[in-house]
Amino acid sequence: SARICEIGAVRVERLELVDRFESLVNPGVALPGPVERLTGLRTAELRRAPRVERVLPRFLRFADDDLLVAHNASFDQRFLERELVAREGRRLSQPPLCTAALARRLLEGRVRRVGLASLAHFFGVGTTPCHRALPDAEATAEVLLCLIGLAQELGARRLSDLRALAAPRR
């Protein structure tokens, strides 16, 4: 099973990026070669990093009980909830908002792909995703701000409106 080897997050308030969190995580196993090539992370540097049980509480203090947003959120949610259940016996208080699902709905017929790199290019955001936690979190936040603008044009005013737009169609 895959392991967490890096956590990165940004805090957005009033449509501005106001804080960042970043930490490598020692996964306790060697990284597969394809993951090393994709991310640029090396097993040797991860061996010196703190274990997830030290990083997770710091991340949770950073995130507080705020809404989490991720691109392909179910992937990150699985990792995070597995660790939360194992260490604290609990799940997230609310599921993360998925920017990929939101983009699929808001950009239907306008883009072929809703991968983070494709959306970053489509919107011309300032951060290029690179399969590293913090730059990808920054790019996700920038894409989210663009998606919120499109959602507002459709009348979205609250988080519940964004969740409804990101929900699978029945």
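In helix H4, Glu-83 and Arg-87 sit 4 residues apart, so about one helical turn separates them. In this predicted model, the two form a salt bridge, with their closest N and O atoms 2.9 Å apart. Glu-83 counts as buried, at 11% relative accessibility, while Arg-87 is partly exposed, with a relative accessible area of 40%.

Arg-87 has another partner too. Its side chain meets that of Glu-53 in a salt bridge at 3.4 Å, N to O. Glu-53 belongs to helix H3 (residues 52-63) and Arg-87 to helix H4 (residues 73-88), so this pair ties together parts that are 34 residues apart in sequence. Glu-53 is partly exposed, with a relative accessible area of 40%. Through shared partners, salt bridges join Glu-53, Arg-82, Glu-83 and Arg-87 into one network.

The model holds 8 salt bridges by the rule used here. Here are some of them side by side.

| Pair | Closest N to O distance |
|---|---|
| Glu-83 and Arg-87 | 2.9 Å |
| Arg-132 and Glu-6 | 3.0 Å |
| Glu-53 and Arg-87 | 3.4 Å |

Where do the two partners Arg-132 and Glu-6 lie in the chain? Arg-132 is in the loop between H6 and H7, Glu-6 is in strand E1 (residues 6-13), and the pair links distant parts of the chain, 126 residues apart. Glu-6 is buried, with a relative accessible area of 14%; Arg-132 is partly exposed, at 23%.

Arg-132 turns up again when we look at Asp-136, a residue of helix H7 (residues 133-153). Asp-136 is buried yet has no salt bridge. The nearest side chain of opposite charge is that of Arg-132, which is 8.3 Å away. A salt bridge needs a side-chain nitrogen of Lys or Arg within 4 Å of a carboxyl oxygen of Asp or Glu, so the 8.3 Å to Arg-132 does not qualify. What does the side chain of Asp-136 reach? It reaches the backbone nitrogen of His-131, at 3.2 Å. Setting aside neighbours within four places in sequence, the contacts of Asp-136 are Leu-116, Pro-129, Cys-130 and His-131.

His-131 deserves a look of its own. It lies in the loop between H6 and H7 and has a positive phi of about 65 degrees, although it is not a glycine. Most residues other than glycine have a negative phi. At 47% relative accessibility, His-131 counts as partly exposed. Asp-64 also has a positive phi, near 55 degrees, and is likewise not a glycine. Asp-64 lies in the loop between H3 and strand E3 (69-70) and counts as exposed, at 57% relative accessibility.

A further positive phi, near 50 degrees, belongs to Arg-14 in the hairpin of E1 and E2, which has 2 residues between the strands. E1 pairs with strand E2 (residues 16-24) in the antiparallel sense, over 8 bridges. Within this pairing, Val-10 has Arg-20 of E2 as its bridge partner.

Let us turn to the nonpolar interior. Which residues touch the most other members of the largest nonpolar core? Among its 26 residues, they are Leu-102, Leu-106 and Leu-147. Two or more residues of this core come from each of strand E4 (97-98), helix H5 (99-106), helix H6 (116-123), H7 and helix H8 (159-166). H7 gives the most, with 7 residues. Leaving aside neighbours within four places in sequence, Leu-147 is in contact with Thr-99, Leu-102, Ala-103, Leu-106, Leu-107 and Phe-123. Apart from this core lies another, of 16 residues, with Ile-7, Ala-9, Phe-62 and Leu-92 among them.

Terms used. Residues numbered from 1 in each chain as written. Predicted model: local features only at pLDDT ≥ 70, side-chain atom pairs only at ≥ 80, totals over all residues. Heavy atoms only, no water. Buried < 20%, exposed > 50% of the residue type's maximum accessible area, 1.4 Å probe, protein only. Lys, Arg positive; Asp, Glu negative; His and termini not counted. Polar contact = N/O pair within 3.5 Å; in protein donor to acceptor, adjacent residues only side chain to side chain. Contact = heavy atoms within 4.5 Å. Core = buried A, V, L, I, M, F, W, Y, C linked by side-chain atoms within 4.5 Å. Pairing = 2+ DSSP bridges.
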